[in-house]
Amino acid sequence: MIELKDLRYVRLGTRDPDAAAEYAQKILGLELVRRAGGAVYLRGDDRDHTLVYVKGDPAAHAAGWEVADAAALDAAGAALEAHGVPVRPGTRHEAELRHVEDFLSFVDPSGNTHDLVVRPHHSGRRYFAARDCGVWSFSHIGLRTTDAARDEAFWTTVLNARVSDRIGAAALLRIHEVHHTIALFPSTYPGVQHVNHQVHGVDDVMRAYYFMREQGVRIVFGPGRHPTSGAVFLYFEGPDGMVYEYSTGVRLIKAEEEAAYRPRQFPFTASSFCMWGSKPDIPEFRTKEDAAAA
Ligand SMILES: [Fe+2]
């Protein structure tokens, strides 16, 4: 069992890193960290970076996951190979670009690329948002799966993810006490499906709602509240069609609750995504009733 400690970063390909970085600062509100090797590094908390735009194919995405130490990385590589998943050790240069001491990459059964990283760098300088957005943490990603049952099994047996809840076949998975750090949404192709940042409170979600409207940013879901995690959310569109989410108030499943915790099954309906009645305009969240109403 490979124990993921935390989600550290997401790397997103884009034809125009400068335009993406402008969006990330002016709209999303992240802090610009650096430009290096044709990539732009940003962050939404005190870590070295949490989001990277890499010049290249907009369909090329990678998520970085922290493991405990070098021994855990070696064991993880062996465990993946034992499960028939090829592993690619990162080069020294690539590790420097990721601001980690060491890493390896693998591709999950749906075709999503992941880095397992050791000792990712923290920043000595405090995070300072590019605008008053209330973002205080990069928190989770939605990931596309081409076979939800297969990938849920992969994440819960090869990796240490636990199912917190399910909406239809889509599993919301935790790797620590936060209700979900990864959510697997059925699709016909791989990739990061949405990128979540936590904001301080409902005021930030609602300020963002009016701000996005003023700025002409397409809101694709919300404001609303997830019945699963309890989080109040707003989803909006970014460069290359990527969906970004602000949310606040996510449920924690504490260590003492782990033994007795049972995931709940929600039907694949709009009310399972939002308890207030907001309807998603996000392909992976669209339900049969949405399609019938459209
Ligand atoms: Fe989310």
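Okay, one term before we start: I'll call a residue buried when its relative accessible area is under 20%. And keep in mind that what you have up there is a predicted model.

Let's go to the metal first. The iron ion has three residues on it: His 140 and His 194, each through NE2, and Glu 245 through OE, with distances of 2.0 to 2.2 Å. If you like to read this off the chain, the spacing of the donors is H-x53-H-x50-E. His 194 sits in strand E13, residues 192-199, and Glu 245 in strand E16, residues 243-248, so the two of them tie together parts that are 51 residues apart in sequence.

So are those two buried or exposed? His 194 has a relative accessible area of 2%, which is under the 20% cut-off, so His 194 is buried. Glu 245 comes out at 1%, so Glu 245 counts as buried as well.

Now, on to the sheet. There's an open sheet of 8 strands, and going across you meet E2-E3-E4-E1-E5-E8-E7-E6, with mixed pairing. At the edges you've got E2 (31-36) and E6 (87-89), each pairing on one side only. From one strand to the next, the twist averages 20 degrees.

Zoom in on E7, residues 102-107, and E8, residues 113-118: they run antiparallel, joined by 6 bridges. One of the residues to click on is Leu 104, whose bridge partner in E8 is Leu 116.

Last thing, the helices. H1, residues 17-28, packs on the sheet and touches E1, E2, E3 and E4, with its direction at about 160 degrees to that of E4. H2, residues 70-82, lies across E5, E6, E7 and E8, and runs at about 20 degrees to E7.

Conventions:
Residues are numbered from 1 along each chain as its sequence is written. This is a predicted model: local features need pLDDT of at least 70, side-chain atom pairs count only at pLDDT 80 or more; totals for chains, interfaces and linings use all residues. Side-chain values use heavy atoms; hydrogens and water are left out. Donors are N, O and S atoms within 2.8 Å of the metal (3.2 Å for Na, K and Ca); water is not among the atoms, so sites may look incomplete. Helices (H or I, at least four residues) and strands (E, at least two) are DSSP runs, numbered from the N terminus. Buried means under 20% relative accessible area, exposed over 50%, partly exposed in between (1.4 Å probe, protein chains only). Two strands pair if DSSP finds at least two bridges between them. Axes are lines fitted to C-alpha atoms, for helices over the stretch in contact, and angles run from 0 to 180 degrees between N-to-C directions. Contact means heavy atoms within 4.5 Å.
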